[in-house]
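Biologist: I'd like to learn how to read a model like this one. Can you walk me through it, feature by feature?

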Amino acid sequence: MKKILSLLLACAMVLSLAACSGSPAAESANPNASSAGTESSAPSSNGGASSIAVCIASEPDTIDPALNSAVDGATLVSHLFSGLAKWAQDDSGNLVIVADAATELPEGVANADGTVTYTYTLKDGVTWSDGQAVTANDFVFAWNRAAGTDLAADYGYMFEVVDGYAAIWEMVKDEQGNDTDEFANPDATLNVKAIDDKTLEVTLANAVAYWDELLAFPAYFPVREDVVSDEAWATDPSTYVSNGPYTMTGWDHNSVITLEKNEHYHDADSILMDKIEFYLSDDQNNMLTNFQNGSWLLIDDVPTNEIANLKANYPDEFVVAGQIGTYYACWNVNENILPASSTLTGVEAEKAKAEIRNAMALLLDRNYIVEEIGQAGQVPASSFVAMGMTNPDGTQFYQTAGTSSDYDGYYDVSVDALEDNFAAAVEVLKKYYTYDEATGKFTDIPALTYLYNTSEGHKAIGEYIQAALSGVGVNMTLENQEWNTFLNTRKNGDYSMARNGWLADYNDPICFLDMWVTASGNNDIQYGKGDHKDLAMYNLDLTGLGYEDIKVENGTWAQTYDVLIATIKSCADDDTRYELMHMAEDMLMSTGCIVPLYFYTDIYMLNSSVDGFFSNPLGYKYFMYCTVSE
Amino acid sequence: MNTKTLAYILKRIGLAILTVWVVVTVTFFVCQAVPGSPFVGEKATSPAVTAALEAKYGMDKPVLEQYITYLGDIILRHDFGPSIKLRGRTVASVIVEGMKTSVKLGLIAAGIALVTGVVLGAVAALRRNKIIDRVIMVITTAFVSMPSFIMGSLLMVVFVVKLSLLPANGSAQSGPAGLVLPVITLALYPAAYITRLTRSSMLDVLGQDYIRTARAKGVSGWRVIFGHALKNSLIPVITYVGPMLAYIVTGSLVVEQIFAVPGIGRYFVSSITGRDYPLIMGTTIVLAVLIVVMNLVSDILYKVVDPRITLE
């Protein structure tokens, strides 16, 4: 009897093991079986060509245009609302910003005080989904709501460029000049007016190169006062009144959001897809199964360990698209990384640290990271401002960054350069640390900690950095923290080196550069704070660019970088502005505190029966012009 | 029901309320002590925005005052407050909506687990050491030791990917067919556990003197089993079923993820990672109340099943 029992047990174990290990391979090695599934289930799930089922993410936190701060939410809102401008594809397939609710996107008129005024006329027949006309006042209301203190929206700062924004958020100062928690101008509003029902006039604090693009950003979409007076308006289809190509006809929380074509939309004839079902799932394997059996025609995420298989088995359906963002490691500028024996202090110490940090950045093989860890077509990065940002002449910003014409960015990250980089780094480190020729390692580099938030991918990159730096004798420990705690720790500067990443909000390098001004909430590196505050070691000379009074030698971070960013923000000339932005990045990179690793990509799977789909560099996806062939 | 029993039940209810209060209080203060805030993200908001949000949700007040306000809201106004992360939704609406799915799924799964578990357990006990007993024990050992994420993925591969028999999703759009796999995944572990529990307890009962007496007196085999043995062997099962029900109807994060089931389980985790304090409190209270109530119910059921047990 015992024999039979043990035999059975053994069989069960073998079976379950075989089933487990066999499943992923079997799934991907059998594309034919999946496409057979597509055929059988496509008619029932798609109901013909005028409806499409997709999955871009799990339940959105909100689809209120002003409150949304997520990419998936922006996709939904872009289908539901019509702002003054929108993203579109031109005839040759290039992405452009075109007028939507506005008749056109006119140039601004410069005023004597440096402000710039834009006047927009609304198209005829622009109405809400309940039939009421959209008025210029709806925009005035929506913008003040989105930028205001009552809502305190994450993306309220997108209105920073509009005249009046600063006054809204000005706080009453106490005797020491610090902000209290009381607003100085509780009645302040943005400088935006409805001249009449169809004419909107907005004044910007100064010329802004990316203003048209901001108009296509969800926070700038109109909402109607009586609709949003109900705080729960955006959670229920019956109260969700919008003015875009679609209306929301159903929201089963955590299951599906259904959009149907809005016949009241002013350009309804151009909309090809009648119904879009956005399924909500946060499980990549579930998404993949639904894609493989043909239920969902686009999924915005796939299991990382399946990427290699999917690339091979779905060459036409596995898509790697550009996304403007950089994955990087950041140093805490105040972390002491000099050997205990070092006598350097103040400015001298900081100069040495900058040199050391830049040297250590050369020790990393970014190709290994993107090929072995990322696996999703990411691009090795050697600059902070991400790939996809362009100069005024259309060339890539990152390709013109840095000083060398031999490679893009600030160091050569090609595989061929690895050895030279390593040798150069060791030479620099020898200046500050004790080198043991026998082992090829430095013996007195202080122990470091790499902080990351819990995730297999971040962990793998941390382990790589740990291994790479141990090659020269760095003893680095990894510390993993839960997401929210991690953000807190990094913001407070309680780390030596940390994982970091930044995705662009709009297509302009300034959204990468202005996060490092002293007072920025994103200044995790702690520039201009703590010991770094008083280090007068940075130079800024803008006299050659028409700013005769801006010349600082040996200034602090606040006296140089902050001034430079403020200058960029008020600069109206594109060429000068981009030159200034390159200067700002040069300054950032010279500190060595930012260690760029790779530029993000957006991977998704799109069923080959879908035509007319496009996405923008910010990751928003557009289904309104899609058709599905049987 | 005698007065002693009634007094006992009343005492238990009092204790239950005390338990829930302790859970609420501890959770509330632990939430405050944990680093982080609902208002942080990869992209930081300015201090002014954070201050405005804290004022909006009353988080600018002293912790003790927040605690008293919160208790007042839930006791006097039955108001669990707004969710901070899911802007525009109240905690109550999030919980009710999620519970609808989770309870439906959980009750079906619990029912299946209970019926199959008791039947298989009884069969195994009655056929002790026969081949059928061995088979049942091997299978249940496998199911008890296999975590649900493996079970769920396995079922998904077989029935969705390979055979294309069932939909991958447990949402309403898939209809009743969508519930099959999540229910099975949810039910397998408790079914296997109940089988083993029933078997061992049944074996224990079958060896008791009164069973032998009944048999000796010529009571028919089935009457011995159903009238005497089964009823008494269910006592440990009842102990297990109470908490099992509480866990199973509050949803399983794993099963919900794998099958995209719109239940409440996900919020137990996401509310904590997002520091959505009102939602953390809401989900914790629901789970605490359920467990306390289920324990109380199983205690009372003891009495029904076995009148010899006195509750005091």
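Biologist: Let me start small: does E427(A) count as buried, partly exposed or exposed?

Modeller: One thing before that: this is a predicted model. Now, the way to decide is to look at the relative accessible area, where under 20% is buried and over 50% is exposed. E427(A) has 46% relative accessibility, so E427(A) counts as partly exposed.

Biologist: And which side chain does E427(A) meet in a salt bridge?

Modeller: For a salt bridge you look for a side-chain nitrogen of Lys or Arg within 4 Å of a carboxyl oxygen of Asp or Glu. Here the partner is K430(A), with 3.4 Å from N to O. The two residues sit in helix α12 (residues 418-430) of chain A, 3 residues apart, about one turn of the helix. K430(A) has a relative accessible area of 32%, so K430(A) is partly exposed too.

Biologist: Where else can I find a salt bridge within a helix, say for K353(A)?

Modeller: K353(A) pairs with E350(A), and their closest N and O atoms are 3.6 Å apart. Both belong to helix α10 (residues 346-361) of chain A, and because they are 3 residues apart there, about one helical turn separates them.

Biologist: Are K353(A) and E350(A) buried or exposed?

Modeller: Both of them are buried. Chain B offers another case to look at: R212(B) forms a salt bridge with D209(B), with the closest N and O atoms 3.8 Å apart. Those two are 3 residues apart in helix α8 (residues 209-216) of chain B, so they are separated by about one helical turn. R212(B) counts as exposed at 54% relative accessibility, and D209(B) counts as exposed at 53%.

Biologist: Which residues do salt bridges with shared partners join into one network?

Modeller: That network consists of E59(A), R89(B) and E97(B). If you search the whole structure, you find 24 salt bridges over all chains.

Biologist: How many salt bridges are there between chain B and chain A?

Modeller: The count between those two chains is 3. For an example of a salt bridge with one partner in each chain, look at D282(A) and R266(B), whose side chains meet at 3.3 Å, N to O. You can also look for polar contacts across the interface, and the rule finds 14 residue pairs.

Biologist: Which helices of chain B supply at least two residues each to the side that touches chain A?

Modeller: They are α2 (47-56), α5 (131-145), α6 (148-162), α11 (253-259) and α12 (265-273). The largest share comes from α6(B), with 7 residues. Sort the residues on that side of chain B by type and you get 26 nonpolar, 13 polar and 12 charged.

Biologist: How do I put numbers on the interface: how many residues are in contact, and what area is buried?

Modeller: You can count residues on both sides, or ask what area gets covered up. By residues, 51 of chain B are in contact with 64 of chain A. By area, about 4,700 Å² is buried between the chains, and carbon and sulfur atoms give 57% of that. On the chain B side, E42(B), K43(B) and R87(B) lose the most area to chain A, together 16% of what that side buries.

Biologist: Let's zoom out to the whole of chain A. How many helices and strands does chain A have?

Modeller: Chain A has 17 helices and 27 strands. For overall dimensions, use the C-alpha trace, which spans about 95 × 75 × 45 Å along its principal axes. Another check is the radius of gyration: a compact globule of 630 residues would be near 25 Å, and chain A has 27 Å, which agrees. Of those 630 residues, 54% count as buried.

Biologist: Can we finish with single residues: where do T258(A) and K533(A) lie?

Modeller: T258(A) lies in strand β11 (residues 256-261) of chain A. At 11% relative accessibility, T258(A) counts as buried. Beyond its sequence neighbours up to four places away, T258(A) touches several residues, including T247(A), M248(A) and K275(A). K533(A), on the other hand, lies in the loop between α15 (510-513) and β21 (538-541) of chain A. K533(A) counts as exposed, at 52% relative accessibility. Leaving aside neighbours within four places in sequence, K533(A) is in contact with G528(A) and T556(A).

Note on methods:
Residues are numbered from 1 along each chain as its sequence is written. Chains are lettered from A and ligands numbered from 1 in the order in which they are written. This is a predicted model: local features need pLDDT of at least 70, side-chain atom pairs count only at pLDDT 80 or more; totals for chains, interfaces and linings use all residues. Side-chain values use heavy atoms; hydrogens and water are left out. Contact means heavy atoms within 4.5 Å. Buried area is the accessible area (1.4 Å probe) that two parts lose on being put together, summed over both. A polar contact is a pair of N or O atoms within 3.5 Å; within protein, one must be able to donate a hydrogen and the other to accept it, and residues adjacent in sequence count only if both atoms are side-chain atoms. Helices (H or I, at least four residues) and strands (E, at least two) are DSSP runs, numbered from the N terminus. Ala, Val, Leu, Ile, Met, Phe, Trp, Tyr, Cys and Pro count as nonpolar, Asp, Glu, Lys and Arg as charged, and the others, Gly among them, as polar. The radius of gyration is taken over C-alpha atoms; the globule rule is 2.2 Å times the number of residues to the power 0.38. Buried means under 20% relative accessible area, exposed over 50%, partly exposed in between (1.4 Å probe, protein chains only).
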